[in-house]
Number of protein chains: 2
Amino acid sequence: MSQPSSSSSNAAESIAIAARRAFEDSQLVDPSERDVALQAIRKTLEQARDQVLAANKQDMEASSGITAHHAGEKLASEGKLSASLVSRLDLTRPGKYDAMLQGITDVANLPVPTGQVTFAKELGEGLELQRVTCPVGVLLVIFEARPEVVVNIAALAIKSGNAAILKGGKESINTATLLSSLIAKALSTTSIPPTFIQSVSTRSEISSLLAQDRYIDLVMPRGGNELVTNIKNNTRIPVMGHADGICAVYLDESAVEEKAIRIAVESKIDYMAACNSAETLLIHESLLSTLWPKVAAALIEKKVSLRCDPSILAAISSVPGASEYASAAVESDWTSEYLGPTFAVRQVSGVQEAIKHINSHSSHHTDSIVTESEAAMSAWCRGLDSANCFVNASTRFSDGTRYGLGTEVGISTGKTHARGPVGLEGLVIYKYMMRSKADKGSIIGDHEKGGKGYTHKDLPKGKPMF
Amino acid sequence: MSQPSSSSSNAAESIAIAARRAFEDSQLVDPSERDVALQAIRKTLEQARDQVLAANKQDMEASSGITAHHAGEKLASEGKLSASLVSRLDLTRPGKYDAMLQGITDVANLPVPTGQVTFAKELGEGLELQRVTCPVGVLLVIFEARPEVVVNIAALAIKSGNAAILKGGKESINTATLLSSLIAKALSTTSIPPTFIQSVSTRSEISSLLAQDRYIDLVMPRGGNELVTNIKNNTRIPVMGHADGICAVYLDESAVEEKAIRIAVESKIDYMAACNSAETLLIHESLLSTLWPKVAAALIEKKVSLRCDPSILAAISSVPGASEYASAAVESDWTSEYLGPTFAVRQVSGVQEAIKHINSHSSHHTDSIVTESEAAMSAWCRGLDSANCFVNASTRFSDGTRYGLGTEVGISTGKTHARGPVGLEGLVIYKYMMRSKADKGSIIGDHEKGGKGYTHKDLPKGKPMF
């Protein structure tokens with residue numbers, strides 16, 4: 001990470017303070033005003049369509065050169081930006097701009113995640129306690145070069161009451177900067193402060209912002225392991241990372257052929273650049289001469305390369321195409337995120353060994369077992385230390401929209417705060433509110449040290465007291 | 001933080017790997033076995049009472065020297081260990097050992113925080129999704145020199161299914177090491193692996209453990225800002241910090257005298273070394289010649305020093321004792337955690353200015369307003385960015401046991417994962433479990449791209465599917 005200069009430090013502090021003030025000032029605004037603000041943003045972006053598409057054209061032209069330069073490199077080395085960088089940058093594709101606008105309305109229509117009472121107790125007569133969901137505060141979100149993500153993240157932040165500082169991939173800079181200023185312009189006509197959503201454009205600003213732990217509450221990097229690790233190494237702010245997806249499919253002893261083939265094939269090839277695609281295939285040792293060659297044939301037919309352990313490789317020597325597509329695995333295959341048409345394949349003695357392999361080698365993201373055994377299913381879902389433990393289902397289901405969360409902020413590979421596909425709930429925390437209606441107010445001396453004790457009676461959760 | 005040597009790095013990695021394996025191996029053990037393990041620990045500690053008290057005596061004797069050496073220093077410089085270090089170390093005080101044993105049974109009797117279904121949906125016919133609470137994994141807990149905390153944290157970790165590595169204050173090393181080995185001995189007779197709870201005794205081991213982000217999931221430092229900041233600077237592992245408590249009481253325009261005096265006095269003097277004691281007192285400008293002198297008199301009577309802004313100081317010039325106890329505040333007073341009989345006192349123009357002052361200067365811990373105004377209460381609870389927002393109640397209520405959480409892991413000053421008093425719920429996260437009962441298993445192609453769509457039907461939460 002580049003070292004911040006003192007001028008970028010000052011600028012970063014100003015941005016962080018402005019975000020914090022905007023967050024604090026917005027706390028007394030009724031949550032319904034956030035939806036009004038979202039509609040104002042939609043309207044402003046509708047009117048500025050030509051201007052935004054012109055900025056987008058600049059980015060596209062600048063990036064076409066970049067992409068040609070990288071064309072000879074391997075997909076994986078470009079990470080999840082993938083070879084389709086220009087396509088991702090492109091807001092002019094039919095329907096894409098409208099979909100971005102509709103996304104704002106969709107977020108506005110989601111239930112408000114704040115102001116939910118999750119715990120309510122009477123501590124003593126006239127003394128009531130509630131735990132109420134509230135925004136985390138100020139978010140720093142770092143994401144890839146997809147300009148519509150600026151709008152999507154801004155909408156999610158506003159809906160959940162969090163101020164946000166955004167940094168998109170450098171290839172989308174013109175579009176992202178313009179979208180961000182249009183959002184600020186729209187907010188200036190509403191009860192939400194215009195500095196509620198801000199944008200920065202350089203890496204050195206990020207470095208400086210990572211030092212602003214007094215003002216920024218949560219960093220959300222969307223990208224690979226390298227980005228997430230680099231950020232964790234450089235900040236005291238909590239990080240909700242979206243890192244690698246090294247997912248596995250395990251074909252258990254009792255796996256049914258049709259399920260096995262459908263799930264292994266889709267988990268691998270449906271969308272290979274996605275983090276919820278499978279990279280590892282584990283095969284029960286009893287299946288080497290029965291199911292495995294059929295699964296291998298189906299994968300080879302889809303031009304999937306198989307990196308196999310010795311017995312797995314030997315078992316498919318007579319499968320057509322094996323000489324071209326199957327080869328010996330090396331140790332690094334078990335921890336590779338290929339993001340492409342390659343599967344690492346290994347024999348295991350049963351569900352226990354499969355779990356051990358995954359717990360030691362995976363990224364704890366999403367893993368699926370194909371089995372008819374209830375005992376194996378139970379061991380799988382309880383024993384795997386993965387965010388998403390699936391039975392007889394494709395790993396590709398691991399997604400906030402598919403889960404019915406309404407939206408997706410990202411897929412967290414962390415194990416605190418929010419794990420797996422994250423919806424708006426992942427952007428809130430809670431505070432405790434306590435009110436005494438006792439005649440003299442309440443002190444602990446009324447309840448302890450010979451006082452009248454606590455009642456600790458559960459109350460209906462209902463609405464927040466304030 | 002001292003630099004780890006390569007031998008302590010290797011030792012730390014071995015400890016972290018052992019903890020991870022113990023955690024993973026325990027996942028298939030029925031949660032009721034955790035309670036069996038807790039009872040085994042209680043029994044072992046009952047039998048080893050004399051041995052533990054002998055080790056404790058060694059620690060006490062070693063620390064008496066240390067304490068004498070520090071006796072001339074100010075309380076605050078010793079942080080929350082406080083002048084009563086020896087008293088905290090002492091397990092021989094009447095009832096203390098029994099209370100420690102009873103604490104184990106109390107934790108065993110709490111509801112199991114894992115295996116709770118918090119979200120359940122049918123995604124399509126025969127395809128069900130559940131979000132189920134589960135342990136975070138491996139905890140690294142760093143705490144003060146109170147030997148009974150070893151037992152308390154071990155009990156909480158076991159109950160919640162988390163493996164733990166413990167590091168207590170160096171003054172309690174003999175007692176803590178023995179307690180930890182007795183816990184391992186007790187666990188070796190149960191279904192929970194003996195390495196589920198491990199102990200380390202040196203700072204360099206901590207430095208090395210902080211690098212083990214592959215195996216350790218959460219660091220919980222209990223101590224002041226310095227410890228928490230130091231740890232955040234030296235690890236990629238998420239940190240649930242228990243840092244300073246700079247809490248405020250605000251007497252609003254409509255504050256009732258009796259409530260104001262009771263709450264201001266108790267919040268300050270009940271237990272001054274506690275993080276939920278108040279350090280700042282804000283006074284509405286209309287109260288300078290009415291309520292404030294009475295509150296000041298009550299505080300001075302309790303020998304509380306008042307560090308006042310100019311108008312606050314002028315208003316109590318004729319209060320008896322003011323010349324001795326009241327003096328002019330300096331800027332650092334607004335951000336001081338005195339942990340002693342000192343109050344920083346400031347005039348504000350109303351609830352908005354009080355909120356602004358607290359949001360900018362406090363540690364976002366616990367703040368209380370004394371008021372009869374519903375509007376002021378509402379602004380307070382919504383506008384304050386504090387974990388605990390109280391109305392007409394002492395800040396001292398901010399505590400997991402007083403809240404009825406059953407126990408307290410600590411009070412988190414962070415804003416992600418868990419905030420404020422943290423019970424067993426703060427030691428769990430969740431995983432998603434998905435099961436397809438469809439004849440061919442489930443792939444997203446069945447539901448998207450011309451497939452039959454998703455139903456996204458809410459299901460009763462009930463029991464976990466596995």
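Let's start with one pair of residues. In strand β16 of chain B, Arg435(B) is the bridge partner of Val391(A). So much for the single pair; now the strands. β16(B) pairs with strand β13 of chain A, residues 388-391. The two run in the parallel sense. Four bridges join them. One strand belongs to chain A and the other to chain B.

A word of caution before going on. This is a predicted model.

Now, how are the two chains related? Take chain B and lay it on chain A. The turn needed is 180°. The shift along the axis is 0.0 Å, and the RMSD is 0.0 Å. The two copies are therefore related as by a two-fold rotation axis. Which C-alpha of chain B is nearest that axis? The one of His417(B), at 1.9 Å from it.

Next, the interface itself. On chain B, 92 residues are in contact with 92 residues of chain A. Are these the same positions in both copies? Look at the overlap: 100% of the interface residues of chain B are also interface residues in chain A, so the copies meet through the same surface.

How much area do chain B and chain A bury between them? About 7900 Å². Of that, 52% is on carbon and sulfur atoms.

On to the polar side of things. Across the interface there are 61 residue pairs in polar contact, counting pairs with both residues at pLDDT 80 or more. Who gives the most on the chain B side? Strand β16 again, residues 428-436, with eight residues touching chain A. And the make-up of that side by class? It has 36 nonpolar residues, 24 polar ones and 32 charged ones.

Charged residues bring us to salt bridges. Between chain B and chain A the count is 18. Here is one of them: Asp446(B) with Arg262(A). Their side chains meet at 2.6 Å, N to O. Over all chains, the count comes to 57 salt bridges.

Last, an example inside chain A. Arg42(A) forms a salt bridge with Glu46(A). The closest N and O atoms are 3.2 Å apart. Where do these two residues lie? Both are in helix α2 of chain A, which covers residues 32-47. They sit four residues apart, about one turn of the helix.

To close, back to where we began: Val391(A) and Arg435(B), bridge partners across the two chains. Thanks, everyone.

How values were computed:
Residues numbered from 1 in each chain as written. Chains lettered and ligands numbered in written order. Predicted model: local features only at pLDDT ≥ 70, side-chain atom pairs only at ≥ 80, totals over all residues. Heavy atoms only, no water. Least-squares fit on C-alpha atoms with pLDDT ≥ 70 in both. Contact = heavy atoms within 4.5 Å. Buried area = accessible area lost by both parts, 1.4 Å probe. Salt bridge = Lys/Arg side-chain N within 4 Å of Asp/Glu carboxyl O. Polar contact = N/O pair within 3.5 Å; in protein donor to acceptor, adjacent residues only side chain to side chain. Nonpolar A, V, L, I, M, F, W, Y, C, P; charged D, E, K, R; others polar. Pairing = 2+ DSSP bridges.
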